[in-house]
Structure formats: structure tokens, C-alpha cells
Amino acid sequence: MGRKAVAALSSIMALLMTGCTVAESIPTTSETSIQVQDISAIRAQDDFYGYINSSYLVSLDTDDSDGYGGSFDDVSAVISDRLDEIIREIAQGDRESYLPGSNEQLIYDLYYLLLDASAGTDGSFMSDEDVTSFEQKCAEILNAASIDELLYIVGDLYREYNVDPIFTPTVTPDLNDSGKSAVGITPFYSPEGTELEVIVLGGNDASDTARSFTNVLIDAGVDSQEAEERGIEDTLLLMQIGYATDFDIVNMLEENLVEAPKYMIYLTEDEIDDLCPNVGHEGILATMGIEDDYVDGIYIVLEDQLSAIDSLLTEDNLESWKDITLLSFVNSIKSFLPESYGGSSIAYSNDSYAIREVKRYLSTELSEEYVERYYDEETVSAVEDLVYDIRDEYEEMINDCEWMSDEGKALAVEKLMSIEFYIGADEPHVTDPSDADLIGASCFETRLALNVRSYERWLSELRGEYESSGFEGMLPTTANACYNPISNCVVIPLGIMDAPFYDKDASYYTNLGGIGSIIGHEISHAFDYHSMWFDMNGNYNPEWMPQEDRDAFEEVALSISEYYSSYTVLTYHNVDGDLTIGENMADISGLEVILRMAGDLDAKKEIFENFAVCFASVSTRDIALSSLSSDPHSPNQIRVNATVALFPEFYEIYEVTSEDLMYVQEDCRVRRW
Ligand SMILES: [Zn+2]
């Protein structure tokens with residue numbers, strides 16, 4: 001767990017990801033499950049989603065995919081193929097013609113390094129020198145003479161290997177000052193990645209963890225009997241951390257990151273020193289390699305857990321903390337290690353392997369090359385026009401709201417007008433000749449160089465010297481969109497500007513039902529159940545709305561939650577209306593705003609239809625069921641059917657009557673605004 005895993009906490013962005021429907025049966029939406037054998041017999045009045053998408057969905061083959069398929073995946077697949085082509089084109093080019101440190105040079109070098117990836121020790125990703133330095137690092141950890149010394153060793157590990165097993169830090173936007181970045185400490189993870197909650201219970205998971213400690217110690221040269229005793233001691237220390245952990249919060253954060261700000265507590269340096277008298281704020285920052293004084297305080301989530309960790313960071317427990325550090329370190333680089341160190345040898349390295357890994361290591365560089373080749377000014381500016389059309393209509397929609405106070409409406413409009421839009425792609429980075437050596441002699445060396453580069457960026461972000469792009473970490477090649485409440489911005493990347501979402505040759509209203517509904521959805525996130533507590537400057541401040549409007553909003557939220565909870569998938573599995581409240585609100589108001597922009601029923605019909613097309617997706621039964629309890633989005637057929645059924649125009653166009661399955665009683669048709 002390092003910057004990457006933990007960054008999830010800070011990225012409380014609301015993604016418009018695909019939900020799930022089930023491949024093996026025709027999606028049904030009502031309590032009465034109808035098994036329609038002939039898909040042409042599905043009526044819009046009974047299952048609008050199935051009516052629009054069934055023939056496409058049955059043509060999808062989920063067997064050869066990762067269990068997903070649908071419109072979002074189709075667009076992603078096209079982009080992915082184009083990226084493959086770009087890599088091949090650069091690899092076949094003349095290296096001499098590429099500027100040192102340029103994207104092309106890095107992609108070229110990495111591709112050929114990976115083609116020969118298994119040339120390291122015992123067919124691994126590491127050279128002999130890498131293995132030697134790995135052994136030295138293990139020895140350094142085990143020879144630490146004091147807790148203090150160990151904290152500084154962890155600081156180095158964090159910089160080079162992205163490992164901080166003690167405090168799991170992250171950089172997070174400052175919730176009190178959205179323009180700034182801050183340090184956050186996220187919940188403690190066991191070095192094996194096993195959940196602490198399970199280890200606390202003892203049993204097999206605890207003995208597995210003890211055995212992992214023992215094995216890594218034996219590999220590092222510790223006598224086997226001593227290693228066994230230490231393994232047990234180490235596991236007992238993890239249990240003590242577990243006893244001080246509020247697992248309700250940990251589990252909630254894992255399921256629903258958008259709730260994170262409610263649980264983040266800001267502590268000043270002095271407050272940290274009071275909570276953690278053993279190592280204090282200086283000791284915590286040392287594990288992140290930070291010695292300077294540009295950090296005034298730290299965001300934490302679990303006060304009791306942090307206090308427990310501090311009280312356990314004593315010289316008596318030094319051996320256990322070394323072991324935890326060692327095991328985390330070894331696990332973090334396991335995929336690079338030779339077999340003799342518990343890693344696995346690479347049996348293959350070929351073109352498709354090299355391409356896959358170039359995409360993973362150099363995703364930013366590659367996406368810039370994509371933009372250079374596929375950026376279409378005309379498309380991006382048409383989407384831009386749509387964005388501002390939708391925003392203007394949104395203003396009207398807020399003003400037409402009947403249950404809000406005038407003051408509340410004015411504030412909401414102010415927040416709407418403060419939303420920043422990032423559309424298409426951001427500026428490419430300027431070629432830095434000092435990047436020319438980023439691709440090292442081995443895959444392992446390259447990984448470390450890239451880690452150090454992202455660590456340096458992390459530090460300069462903290463110092464306020466470097467601002468990450470407005471694209472909120474989204475690549476222009478992403479077939480998705482997002483809203484971030486902390487920066488109050490919407491990102492619509494180039495990657496989502498493809499059919500069926502946006503098609504140059506389609507009508508205005510078809511595109512409105514496609515990318516327009518996505519734009520409306522993302523804008524609506526600014527006012528959904530989670531982001532509503534952030535003010536127009538992106539600061540967490542629930543009081544920005546008058547109390548009476550907040551009370552009324554709670555009532556609306558309750559009705560929306562109940563409404564979606566009444567829908568089921570796979571016949572009798574109900575949607576979790578509370579879990580999906582934010583996304584459902586965004587879906588409802590996103591569709592409402594674009595419907596308002598269409599004058600007649602024909603235009604609205606085009607909107608409804610492409611709205612349904614864009615959500616076409618299939619997944620396996622297992623994924624569909626597990627998503628019900630973890631995905632903040634409703635399943636896709638419900639995102640379509642439950643949402644369109646709220647609008648009277650839908651009943652008019654498709655002549656839906658109370659006899660039909662799509663029919664929702666008028667007094668049950670909820671609204672967001
Ligand atoms: Zn969303």
C-alpha cells in the first residue's frame with residue numbers, strides 16, 4: 001500500500017463508470033421477471049433498456065473478455081487498439097530521430113527493454129546488481145538499531161519503492177483550502193494485504209500471516225527457529241493495531257470513497273504530537289522522507305488506530321516493526337524478484353507483453369502521443385458548446401425548483417457557475433532532457449526511476465511548487481468522465497468523444513442523449529448527496545447551504561433512495577438505494593436537464609434512445625451481484641429504466657399505461673430539483 005493504493009482515498013471523484021447487467025438472461029426491471037425468449041418481443045413499455053439494447057447485448061461475447069462488455073468497453077477497446085498501433089509505430093521508428101527525454105524515446109527504449117525483459121537474474125526482471133542492492137536493503141532494515149533509524153529507512157523506501165508500511169501516507173487535496181495539497185494518513189494495512197479485521201479473529205489468516213513473516217525472515221538469513229518465534233510476535237503486534245481499529249469506518253471507506261471527507265480529521269503538528277507522543281509529527285513525516293517545514297498538519301482518518309501505532313512504536317517492539325517493514329518491502333517488489341527470492345521467473349516476453357507494460361508504465365506519455373494523433377478540434381469544440389448549453393439550462397432548472405429558498409437557489413447557481421470544465425486534453429508536458437535516462441538497464445531499475453519521479457512530483461505538489469493537471473488524474477484517453485467536489489471541476493476527456501457518446505454525423509439530440517447526458521450527470525454530481533457538502537470553492541463546508549434547504553434536500557434524498565431500492569436485478573436482488581444515492585441523483589438531474597433542452601417529442605425520443613444505448617453493458621452474474629453491494633452506481637438497466645420512467649414525456653412517446661411494467665405511479669415519480 002503506497003501512494004497508488006492509498007491515493008484512492010484522496011480521489012473521491014465521482015466516476016461515471018459502467019454498471020452491470022447480466023448476459024445470460026434478458027434484463028428485466030420489475031418484480032415480475034419475464035423471460036422473453038424472442039428478443040424482438042421485448043416492448044419499450046415493459047423494459048426500455050432491453051428493447052433498445054437486447055440485440056446488441058446478445059451479440060456480445062463475454063467469454064473472451066474480463067466479464068464486462070458494452071458501449072463503454074467498445075469505445076475503450078478502440079482507443080486501446082490505437083494505443084497499440086502508436087507503440088508499434090514508435091518502436092519501428094528511428095531512435096536517433098527522437099529527442100532525448102521525449103515521449104517517443106521513452107516509449108521506444110521501454111518497448112525494447114521489455115521485449116528482452118526476462119534477461120535478468122534467473123530469468124527475472126532484475127539484473128545481478130539489482131539483486132545485490134535488494135539484499136543490501138533487506139540487511140539495512142534488519143540491522144536498524146533503533147525505531148528512529150527505522151523511520152528514516154522507511155522514508156527511503158517510500159521514495160524509491162513507494163512503500164510506507166507504518167503510516168500509509170497519501171497526498172490529498174486540502175479539504176479546508178482546495179487549492180492546496182496536504183499529507184493524509186490512511187488506515188493501516190497488514191504487510192500481506194490481508195485485512196486486519198480478519199487477522200484479529202485469529203484462525204487461518206493469522207497463522208498464514210505469521211508464516212509469511214517467518215518465510216521472509218528465513219530468506220533474509222534469520223535462523224529458522226528465531227524466524228518462527230518472530231512471526232508469531234509480529235502477528236500479535238498486528239492484532240494489537242487491529243484492536244484499536246474502527247472497522248466500520250475502514251469497511252465503509254473501502255466501499256464508498258465519496259464519504260471519505262466526512263471522516264477525515266485535520267490535526268495540527270501540535271495535535272499530532274499530543275496524539276503520538278512517541279514519534280511525534282517529525283517521526284511520521286520522516287517515514288515519508290519529509291524533513292522540511294512545509295507541512296503544518298496532517299489529515300488522519302482513524303485517531304485511535306494512529307495513537308495505538310504510536311504507542312507500539314517502542315524499542316521493545318523494534319524487531320516486529322523491522323519485520324513488518326521487511327515483509328512489506330519484499331511484497332511490494334515480488335513481481336520483479338527472481339524465483340530464489342519467492343518471485344517468479346518470466347517465461348515469456350514478446351510484443352504483446354511489451355505493449356501491455358508500456359501502456360502501464362508510460363500511460364501519460366502514451367496518452368500525449370494519442371492526443372497528438374487523434375485530437376480533433378471540431379469535435380472538441382462541438383462538445384464544448386454542448387457543455388455550456390447544458391450549464392445554462394441547468395441554471396434555469398435550479399431556478400425552477402419549487403422546494404428551495406431563493407437564497408439556496410442563488411447559492412446553487414453560484415456553485416454551478418464556478419464549476420471549471422476540462423474538456424478534451426490538457427497541455428502536453430514539455431520534454432525534459434533529464435528524463436532521457438528514465439528507462440534503466442533493467443525493468444526493476446526503470447520501475448524505481450519512475451517511482452522516484454512520481455515521489456518528487458508528490459513532494460513538489462506538497463510544497464505548492466507543482467500543480468497537477470486540471471484533468472484530475474484522468475488521462476485524455478479515458479472513455480469516461482468525472483466530477484471532483486474538491487476542485488469543483490468536471491472533466492470530459494477526449495476518450496469519451498466517440499460514438500455512441502458523440503458522433504459527428506449524429507443529430508444534435510442524439511448526441512445530447514449520449515455525451516450530453518454524461519455532461520449533465522457530471523454537473524449534477526456537484527449537487528449530489530455526497531458533494532453537496534462542499535462549497536463552490538471545493539471546501540468541505542456543509543453549512544454553505546441554508547439549513548431549511550438542507551432539510552428539504554434530505555427529504556428529496558430519502559425519496560430517491562426509496563425509489564431506487566424498489567428496483568431489483570436477477571429477479572429478487574434489490575438495488576441499495578443508499579449506496580447508489582449520489583449516482584442516482586446525478587442520473588436523474590442529468591437526464592432532466594437535457595430533456596428540458598428538447599422542444600418536441602421527436603427530439604426527446606432521440607435523447608431517450610441514445611441514453612439507453614450508452615448504458616448498454618453486460619457482465620457475469622457474479623460481478624453483477626457483487627456490484628450490488630459495492631458499486632455506487634445502480635446496475636445499468638436500472639440506471640436507464642428507473643430513470644426514464646420518472647419523466648412524463650416517456651409515457652407519452654411510448655404510450656406507457658398502468659398495465660405496463662415500466663409504469664411508475666405518478667406520486668412515486670421522484671425528482672432531484
Ligand atoms: Zn457519476
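Me: Axes are lines fitted to C-alpha atoms, for helices over the stretch in contact, and angles run from 0 to 180 degrees between N-to-C directions. On that basis, at what angle do helix 2 and helix 26 cross?

Reply: Roughly 140°, with the axes of helix 2 (residues 48–59) and helix 26 (residues 636–644) coming within 8 Å. Helices here are DSSP runs of H or I with at least four residues, strands are E runs of at least two, and both are numbered from the N terminus.

Me: Any caveats on the model and the numbering?

Reply: The model is predicted: local features need pLDDT of at least 70, side-chain atom pairs count only at pLDDT 80 or more, and totals for chains, interfaces and linings use all residues. Residues are numbered from 1 along each chain as its sequence is written.

Me: Which residues of helix 2 and helix 26 meet?

Reply: From helix 2, F48, Y49 and G50; from helix 26, Q637, V640, N641 and V644. Contact means that the C-beta atoms, placed from the backbone, lie within 7 Å. The residues of this contact split into four nonpolar, three polar and no charged. Nonpolar is Ala, Val, Leu, Ile, Met, Phe, Trp, Tyr, Cys and Pro; charged is Asp, Glu, Lys and Arg; the others, Gly among them, are polar.

Me: And helix 9 with helix 14, what is the crossing there?

Reply: The axes of helix 9 (residues 224–243) and helix 14 (residues 303–312) cross at roughly 145° and come within 8 Å. L237, Q240 and I241 of helix 9 touch Q305, A308, I309 and L312 of helix 14. That contact has five nonpolar residues, two polar and no charged.

Me: Switching to strands. In what order do the four strands of the open sheet lie?

Reply: The order is 3-4-6-5, and the pairing is mixed. Strands pair if DSSP finds at least two bridges between them. The edges are strand 3 (169–173) and strand 5 (265–268), each of which pairs on one side only. From one strand to the next, the twist averages 40°.

Me: Which way do strand 4 and strand 6 run, parallel or antiparallel?

Reply: Parallel: three bridges join strand 4 (residues 181–185) to strand 6 (residues 297–300). G184 has Y299 of strand 6 as its bridge partner, and I185 is partnered by I300 in strand 6.

Me: What about strand 5 against strand 6, and strand 3 against strand 4?

Reply: Strand 5 runs antiparallel to strand 6, with four bridges; L267 has I298 in strand 6 as its bridge partner. Strand 3 is antiparallel to strand 4, joined by five bridges, and T170 stands opposite G184 in strand 4.

Me: Strand 3 is an edge strand. How many of its residues are buried?

Reply: Five of its five, so strand 3 is mostly covered, where buried means 20 or more other C-beta atoms within 10 Å of a residue's own (12 or fewer is exposed, in between is partly exposed; C-beta atoms are placed from the backbone). P169, V171 and P173 point one way from strand 3, T170 and T172 the other way, and all are buried.

Me: Whole protein now. How many helices and strands?

Reply: There are 27 helices and 12 strands in the protein. The C-alpha trace spans about 80 × 60 × 50 Å along its principal axes.

Me: What share of the residues is buried, and what share of the contacts joins residues at least 24 apart?

Reply: Of the 673 residues, 48% count as buried. Among contacts between residues at least 6 apart in sequence, 76% join residues at least 24 apart.

Conventions
Two residues are in contact if their C-beta atoms, placed from the backbone, lie within 7 Å.
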